[in-house]
Amino acid sequence: MEETIGVTEAAQIPKQRGELLLDNAVRYAEERHWDVFPGTWLEAVEGSERCSCGAEDCPAPGAHAARPDWATQATGSAVGARRMWSKQPKASILLPTGRTFDAIEVPESAGFLALARMERMELTLGPVTCSPDRRMFFFVLPGAAAKVPDLVRKLGWVPSSIDLTTRGEGFYVAAPPTRVGGRGAVQWARKPTPANRWLPDAEELISPLAYACGREAADARARRA
């Protein structure tokens, strides 16, 4: 796992970090044809890192949309991505959902349990990210947000009883190597590769994901009993 960069070190390498963000943003647009847009970034303020939005209690410092019109700002052009990150090299990389992919979000513990089961089942996986707040995002074909609740019900689960949500149109996810405050960086649990260019449908992954989330919810209820 990548180590969290401390305040002092982060303040010393803005150029290196910026180049890494720009290169990745351009590659996502160029190689994966994903829309990208720059979000907020981290600034060194009085010996600590603070979100560029200025809010001291920002819930996602350096990793959220900087403008209300972010959806119109997003581009699938590598040239456009290079231009935007050249203006603000430290900006986070955000990917709109509901366009080329939706994202199924689950707790990290349930996500790794589901991944192990998916591999045993030899399911075709798309890219998967891990966030520093211990959440995982499974990239699937667009349209998942509309049908996942019904798919979960058909499997015998009440959607509100398990920690499984979907991000579709109007939402976004942070992409590696975006950093979220001092918590660490978003990382790939399954990197984008030529082998997973074609994304799975939500129906292909929902059973192991719902099972893992349901098992975690049952364990949590047992601990409270």
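**A tour from strand S2 to helix H7**

Select Glu43, which has a relative accessibility of 31% and therefore counts as partly exposed (20% to 50%; buried is under 20% and exposed over 50%, with a 1.4 Å probe and protein chains only). The model is predicted: local features require pLDDT of at least 70 and side-chain atom pairs pLDDT 80 or more, whereas totals for chains, interfaces and linings use all residues. Residues are numbered from 1 along each chain as its sequence is written, and side-chain values use heavy atoms, without hydrogens or water.

**Stop 1: Glu43**

Glu43 belongs to strand S2, residues 42-45 (strands are DSSP E runs of at least two residues, helices H or I runs of at least four, numbered from the N terminus). Display the side chains of Glu43 and Trp41, which are joined by a polar contact of 3.1 Å (N or O atoms within 3.5 Å, one able to donate a hydrogen and the other to accept it; for residues adjacent in sequence, both must be side-chain atoms). Next, add Ser48, Glu49, Arg50 and Ser52, with which Glu43 is in contact when neighbours within four places in sequence are left aside (contact means heavy atoms within 4.5 Å).

**Stop 2: Glu122 and His33**

From Glu43, move to Glu122, 79 residues away in sequence and 43 Å away in space, C-alpha to C-alpha. Glu122 is located in the loop between helix H5 and strand S6 (128-130). With a relative accessible area of 71%, Glu122 is exposed. Its backbone merits inspection: Glu122 is not a glycine, yet its phi is positive, about 60°.

Then select His33, in the loop that runs between helix H2 (14-31) and strand S1 (37-38). His33, also not a glycine, has a positive phi of about 60°. The relative accessibility of His33 is 53%, so this residue counts as exposed.

**Stop 3: Asn196**

Select Asn196, in the loop between strand S10 (187-190) and helix H7. Asn196 has a relative accessible area of 6% and is buried. Follow its side chain to the backbone nitrogen of Thr193, which the side chain of Asn196 reaches at 2.8 Å. Residues up to four places away in sequence aside, Asn196 touches Arg32, Leu125, Gly126, Pro127 and Lys191.

**Stop 4: the Pro176-Pro177 bond**

Select Pro176 and Pro177, which are joined by a cis peptide bond with omega of about 5°. Pro177 sits in the loop between strand S9 (172-174) and S10.

**Stop 5: helices packed against H7**

Select helix H6 (residues 144-154) and helix H7 (residues 202-224), whose axes lie 10 Å apart at an angle of about 45° (axes are fitted to C-alpha atoms over the stretch in contact, with angles from 0 to 180 degrees between N-to-C directions). That angle makes H6 oblique to H7 (under 35 degrees is roughly parallel, over 145 roughly antiparallel, 65 to 115 roughly perpendicular and the rest oblique). On the H6 side, display Ala144, Lys147, Val148, Leu151 and Val152; these meet Ala202, Glu203 and Ile206 in H7.

Finally, exchange H6 for helix H5 (residues 108-120), which packs with H7 at about 140°, their axes 8 Å apart. H5 and H7 are therefore oblique to each other. In H5, display Ser109, Ala110, Leu113, Ala114, Arg117 and Met118. Their partners in H7 include Leu205, Pro208, Tyr211, Cys213 and Glu216.
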